[in-house]
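Okay, thanks for having me, everyone. I'll put the sequence and the structure up now, and then we'll walk through them together.

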Amino acid sequence: MVLSRKPSYVIFFVTAKCNSRCKMCFNWKNIEESSKKKELSLEEIKKISRNFDNFQYLTISGGEPFLRDDLVEIIQLFVKNNNVQFVSIPTNALMPGKIREFTERLLKSCPKTSFRVSLSIDGIGEHHDKIRGVKGNFKKVLESYKKLDPLRKKYNHFNLDTSTVFSYYNQDRVVDVFKWVNANLKVDNHILGLVRGNTKEKIAKNISIKKFEEAAKFVEGLTAKKGRRRKDIRLKLLIALKLVMREIIINTLKCNRMIIPCTAGKRMVVLTEEGDVYPCELLNMKMGSLREADYNIKNILNSKNSKKIVQWIKKTKCYCTFECAIQNSLIYNFKQYPEILKKFLKIK
C-alpha cells in the first residue's frame with residue numbers, strides 16, 4: 001500500500017441531505033441546495049466501483065449518510081469490488097433505529113472488513129443541541145449508543161467511536177466533553193477534530209490555538225491510558241497516526257505553512273454525491289466528473305487537469321488542517337515514522 005501510486009483512501013459524500021443544521025458545518029451550502037442535486041444512483045455507483053482499483057480505507061460522508069436508504073448496498077459494492085479493509089461512517093445519530101439496522105447488516109455481510117461508526121458529540125445536553133441546531137439531538141446520540149453498543153460483543157470487527165469538533169462554540173468545554181464521555185460511555189475511541197473550511201457561521205472558526213493545543217494534549221494523555229477492546233495492531237497504528245496528526249495540525253496553525261507534503265489528489269480523492277472528483281474537501285479544484293468520464297476514475301486521475309492540480313499542490317506547498325488529508329499523507333512520509341512509532345508504543 002505504501003509503495004502504491006494509486007489512491008488508498010476515498011472519501012465519498014453519498015448525499016448532501018442532512019437533518020442537522022450545525023453552526024460549524026463546512027458543507028452547509030451543498031446541504032441547503034440538496035433538493036436540486038441529482039445524486040448518483042446505485043447503478044452509477046456500481047460502475048464507479050468496478051472501475052476503481054483496490055484501496056484500503058473508505059470514509060462515507062454527507063450530509064447525513066444514513067439518510068440514504070441504499071447505504072448498505074453502496075458500501076457492500078466497495079467491499080466486494082475494491083477489497084476495502086476499513087470503513088468509517090460519521091453520523092449525527094438522529095436516527096438510532098436505522099443506524100443500528102444498517103450497521104448490523106454491514107457487519108453480517110462484510111465479516112472481513114473493519115467498521116467504525118462515529119457518533120458526533122460537541123457538547124453535553126442542550127449545549128450539543130444548540131451547536132447542532134436540533135432540539136433533543138443529545139438524547140438521540142445516547143439512544144444510538146445504547147442500540148449500537150451490544151453489536152461490539154457480537155462482532156469483533158466493529159468499533160463504536162465518538163467525535164468532537166473543536167470550534168468557537170465549545171472551545172472552553174471540550175475537555176469537559178471528553179471527561180464526560182470517558183466516564184459515561186465505553187467508546188473505542190474519542191476523536192478530536194478541528195473546525196475547518198467555509199463554516200455556516202463565520203465565528204465558528206474564531207478559535208484559540210492555545211486552547212486547542214491544551215485540549216489535544218489532554219486527549220493524547222487519555223488515549224494513551226485507555227485500554228483497547230480489540231487487539232488489532234492496525235487500529236493501534238491508526239490511533240498513533242491520529243496523535244501525530246494533531247501535532248502537525250497545531251504546528252500548521254502556529255507556523256501557518258505546510259508541515260508535511262500533501263498527497264491529496266494522488267493517494268486520497270474525494271467523490272461528491274453527483275460524481276465530481278476533488279483532491280480534498282477544502283480545495284475547490286475539480287479534477288473531473290465521473291459521469292462525464294464514463295464512471296472511470298482512471299480517466300480522471302490520468303487527465304492533464306488532474307496532474308496539473310497535483311503539481312499545483314506540490315509547487316505551492318498547499319497546506320490545511322484537514323485531519324483525513326494529513327493522516328493519509330503521514331502514511332507516505334517516512335520521516336514521520338519514528339514519531340509514529342513513539343506514539344504507538346505509548347498506547348496501552
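Before anything else, one bit of vocabulary: two strands count as paired if DSSP finds at least two bridges between them. With that in hand, look at strands E2 and E3, where the bridge partner of threonine 59 is serine 88 in E3. In all, three bridges join E2 to E3, and the two strands run parallel. And please keep in mind that what you're seeing is a predicted model.

So let's zoom out to the sheet. What order do the strands come in? It goes E6-E5-E4-E3-E2-E1-E7-E8-E9, an open sheet of nine strands with mixed pairing. The edge strands are E6, residues 189–194, and E9, residues 288–289, and each of them pairs on one side only.

Back to E2 for a second, which covers residues 57–61. Five of its five residues are buried, so we can call E2 mostly covered. Here's the general idea to hold on to: in a regular strand, the side chains alternate between the two faces of the sheet. In E2, Tyr57, Thr59 and Ser61 point one way, while Leu58 and Ile60 point the other way, and all are buried. On the E1 side, strand E1, residues 9–13, pairs with E2 in the parallel sense over five bridges. One pair to click on there is phenylalanine 13, whose bridge partner in E2 is serine 61.

Now slide over to E5, residues 158–166. How many of its residues are buried? Eight of nine, so E5 is mostly covered too. E4 and E5 run parallel and are joined by six bridges. If you want a spot to look at, leucine 119 stands opposite threonine 162 in E5. Then E5 is also joined to E6 by six bridges, and those two run parallel as well. Among the partners there, valine 165 goes with glycine 193 in E6, and phenylalanine 166 goes with leucine 194 in E6.

Okay, helices on the sheet. Helix H4, residues 96–109, lies across strand E3 (86–91), strand E4 (114–120) and E5, and it runs at about 165° to E4. Helix H8 lies across E5 and E6, running at about 165° to E6.

Since H8 just came up, let's see which helix it packs against. As general background, two packed helices are described by the angle between their axes and the distance between the axes. For H8 (residues 174–184) and helix H9 (residues 209–225), the axes come within 9 Å and cross at roughly 15°. Angles under 35 degrees count as roughly parallel, so H8 is roughly parallel to H9. The crossing is right-handed. Who makes the contact? On the H8 side you have Val174, Val175, Phe178, Lys179 and Asn182, and on the H9 side Ala215, Phe218, Val219 and Leu222. Sort those by class and you get seven nonpolar, one polar and one charged.

Now the other helix pair I wanted to show you. Helix H10 (residues 233–255) and helix H14 (residues 337–346) pack at an angle of about 120°, with axes 8 Å apart. That angle makes H10 and H14 oblique to each other. H10 passes H14 in a right-handed crossing. From H10, the contact uses Ile233, Lys236, Leu237, Ala240, Leu241, Leu243, Val244 and Glu247, and from H14 it uses Glu339, Ile340, Lys343 and Phe344. By class, the contact of H10 with H14 comes to eight nonpolar, no polar and four charged residues.

Last stop, the E9 end of the sheet. Serine 289 sits in strand E9. Is serine 289 buried or exposed? Its relative accessibility is 10%, so serine 289 counts as buried. Leaving out residues up to four places away in sequence, serine 289 touches Gly275, Asp276 and Ile300.

Then there's alanine 293, in the loop between E9 and helix H11 (297–301). Alanine 293 has 14% relative accessibility, so it counts as buried. With the same sequence neighbours left out, up to four places away, alanine 293 touches Asn299 and Ile300. And how far is alanine 293 from glycine 275? They are 18 residues apart in sequence and 9.8 Å apart in space, C-alpha to C-alpha.

That's my tour, so feel free to spin the model around and ask away.

Methods: Residues are numbered from 1 along each chain as its sequence is written. This is a predicted model: local features need pLDDT of at least 70, side-chain atom pairs count only at pLDDT 80 or more; totals for chains, interfaces and linings use all residues. Side-chain values use heavy atoms; hydrogens and water are left out. Axes are lines fitted to C-alpha atoms, for helices over the stretch in contact, and angles run from 0 to 180 degrees between N-to-C directions. Helices (H or I, at least four residues) and strands (E, at least two) are DSSP runs, numbered from the N terminus. Angles under 35 degrees count as roughly parallel, over 145 as roughly antiparallel, 65 to 115 as roughly perpendicular and the rest as oblique. A crossing is left-handed if the near helix is turned anticlockwise from the far one by less than a right angle, and right-handed if clockwise. Contact means heavy atoms within 4.5 Å. Ala, Val, Leu, Ile, Met, Phe, Trp, Tyr, Cys and Pro count as nonpolar, Asp, Glu, Lys and Arg as charged, and the others, Gly among them, as polar. Buried means under 20% relative accessible area, exposed over 50%, partly exposed in between (1.4 Å probe, protein chains only).
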